[in-house]
Amino acid sequence: MTSKTDGSSFFTMGVDSGSLTGKAVIIDGNKQIVSHSVKQLGFVSQKAVTMAIDEALDKAGLGLDDIAFTVSTGYGRKRLEIAGKNLTEISCHAKGANYLYPEVKTVIDIGGQDSKVIAVDPSGNVKNFAMNDKCAAGTGQFLEVLARALDVELTEIGELSMQSDADIKISSMCTTFAESEVISLVAEGHSTIDILSGMHKAISGRMKGLVGRVGMQKPVMMTGGGAKNIGLVHALEKSLGVSIFIPSEPQIVGALGAALFANDFATGIRKKVEEEQDLDKSRAPAKDCASCSIQNYQLNKTT
């Protein structure tokens with residue numbers, strides 16, 4: 001940990017107000033990570049963000065007055081009053097991933113409410129990206145709903161699924177219908193571990209399509225809460241035919257990127273960031289299941 005009395009007494013902070021978690025990262029003037037925190041309390045929770053900031057500051061032995069510049073990112077980024085700039089999570093994940101693994105070319109981020117694939121250049125800039133956020137399919141929420149249907153702790157589903165060598169297919173990627181499909185598989189006598197394996201394979205197949213839209217280049221890194229699920233990582237590696245690098249704390253990559261941008265702004269290296277102008281326009285304001293083509297197709301099949 002860096003102290004305020006050494007030669008690196010210059011600090012910036014990145015805050016990621018995600019759909020399910022609040023993350024904060026503090027770095028020093030040498031761009032070394034001083035502290036970080038991850039808190040989960042609910043959907044785009046300002047309290048979780050505040051708790052993450054407070055804990056990161058406490059771990060670093062700092063106060064807000066010691067932070068030269070703060071950049072916010074994530075779903076709730078525009079609500080953080082202490083932020084000097086707010087940037088999209090696309091830019092921040094690319095920046096953070098490049099810092100942790102300078103050779104990375106493709107970043108797969110599976111968060112609570114959306115999934116993203118980002119092509120990154122050698123400087124950590126975004127070359128291209130694709131995202132799925134029109135429904136919860138293949139996201140942390142999707143996994144949470146199905147884990148609850150199987151009465152399994154979310155933290156256990158990855159390890160459990162690795163015990164299966166079955167080839168169960170879950171055909172629906174709509175959360176509502178996938179839950180019904182899982183219940184039917186249980187009723188048919190399929191084991192929990194086999195169903196979990198099929199669930200991860202279904203998500204990996206969907207992500208493969210998203211990767212295809214960007215064009216995968218190796219090396220590949222995975223970020224977000226989904227990267228903590230070893231079963232999902234394994235399924236993605238098999239589906240894509242690559243080895244995926246997982247950072248030691250995959251949930252803080254966006255906040256780390258924001259902290260690095262904050263350092264650039266504070267030192268005058270950067271005046272602005274070329275942002276993805278269509279990101280907010282492409283993001284759906286809400287998940288409207290009634291208008292979902294997948295769901296309507298399934299309904300028509302059964303009526």
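# Salt bridges, pockets and unusual backbone angles

Biologist: Asp-264 and Lys-95 are both buried in this predicted model. At what N to O distance do the side chains of Asp-264 and Lys-95 meet in a salt bridge?

Modeller: Side chains of opposite charge can pair when their charged atoms come close. A salt bridge needs a side-chain nitrogen of Lys or Arg within 4 Å of a carboxyl oxygen of Asp or Glu. For Asp-264 and Lys-95 the distance from N to O is 3.3 Å.

Biologist: How many residues apart are Asp-264 and Lys-95, and in which helices do they lie?

Modeller: The side chains of Asp-264 and Lys-95 meet in a salt bridge, and this pair links distant parts of the chain. Lys-95 belongs to helix α2 and Asp-264 to helix α8, which covers residues 253–267, and the two residues are separated along the chain by 169 residues.

Biologist: Which residues are linked with Asp-264 and Lys-95 in a network of salt bridges?

Modeller: The pair of Asp-264 and Lys-95 is part of a network of salt bridges, and the model has 11 salt bridges by the distance rule. Besides Asp-264 and Lys-95, the network takes in Lys-31 and Arg-270.

Biologist: Glu-89 and Arg-77 also meet in a salt bridge; are these two residues buried or exposed?

Modeller: The N to O distance between the side chains of Glu-89 and Arg-77 is 3.6 Å. Glu-89 sits in helix α2 and Arg-77 in the loop between β4 (67–73) and β5 (85–86), 12 residues apart. Because a residue counts as buried under 20% relative accessible area, and Glu-89 has 4% while Arg-77 has 4%, each of them is classed as buried.

Biologist: Lys-228 and Glu-249 meet in a salt bridge too; where does Glu-249 lie?

Modeller: The two side chains come to 3.4 Å, N to O, and the residues are 21 apart along the chain, with Lys-228 in the loop between β9 (220–223) and α7. Glu-249 counts as buried, because its relative accessibility is 16% and the cut-off is 20%. Its place in the chain is the loop between β10 (244–245) and α8.

Biologist: How do β2 and β3 pair, and over how many bridges?

Modeller: The two strands form a hairpin with 4 residues between them. One bridge joins Val-25 to His-36, a residue of β3. The sense of the pairing is antiparallel, and the number of bridges is 7.

Biologist: What is the phi of Lys-31?

Modeller: Most residues other than glycine have a negative phi, and most peptide bonds are trans. Lys-31 lies in the loop between β2 and β3 and counts as partly exposed because its relative accessibility is 26%. Its phi is a positive value, near 65°.

Biologist: Asp-151 has a positive phi although it is not a glycine; is Asp-151 buried or exposed?

Modeller: Asp-151 follows α3 and is placed in the loop between α3 and α4, with a phi of about 55°. A residue counts as exposed over 50% relative accessible area, and because Asp-151 has 73%, its class is exposed.

Biologist: Which peptide bond is cis?

Modeller: The bond in question has an omega near 0°. One of its two residues, Pro-219, is found in the loop between α6 and β9. The cis bond runs from Lys-218 to Pro-219.

Biologist: Which residues are the closest to the centre of the largest pocket?

Modeller: The largest pocket holds about 710 Å³ of space. It is lined by 33 residues, and the closest to its centre are Gly-112, Gly-224, Gly-225, Gly-226 and Gln-251.

Biologist: From which domains does the lining of the largest pocket draw at least three residues each?

Modeller: The lining divides into 7 nonpolar, 17 polar and 9 charged residues. Elements that each supply at least two of its residues include β2, α2 and β6. The domains are domain 1 (6–99 + 252–276) and domain 2 (103–246).

Biologist: Which elements give two or more residues to the lining of the second largest pocket?

Modeller: About 210 Å³ of space lies in the second largest pocket. Among its 13 lining residues, those closest to the centre are Ser-164, Ser-197, Lys-201, His-234 and Lys-238. The elements asked for are α6 (192–214) and α7 (230–240).

Conventions. Residues numbered from 1 in each chain as written. Predicted model: local features only at pLDDT ≥ 70, side-chain atom pairs only at ≥ 80, totals over all residues. Heavy atoms only, no water. 1 Å grid on protein atoms, 1.4 Å probe; cavity = no way out; pocket = protein on both sides within 12 Å on 5 of 7 lines; lining within 4 Å. Points joined across faces, edges and corners; volume = space filled by probe spheres on them. Nonpolar A, V, L, I, M, F, W, Y, C, P; charged D, E, K, R; others polar. Domains from an automatic or database assignment. Buried < 20%, exposed > 50% of the residue type's maximum accessible area, 1.4 Å probe, protein only. Pairing = 2+ DSSP bridges.
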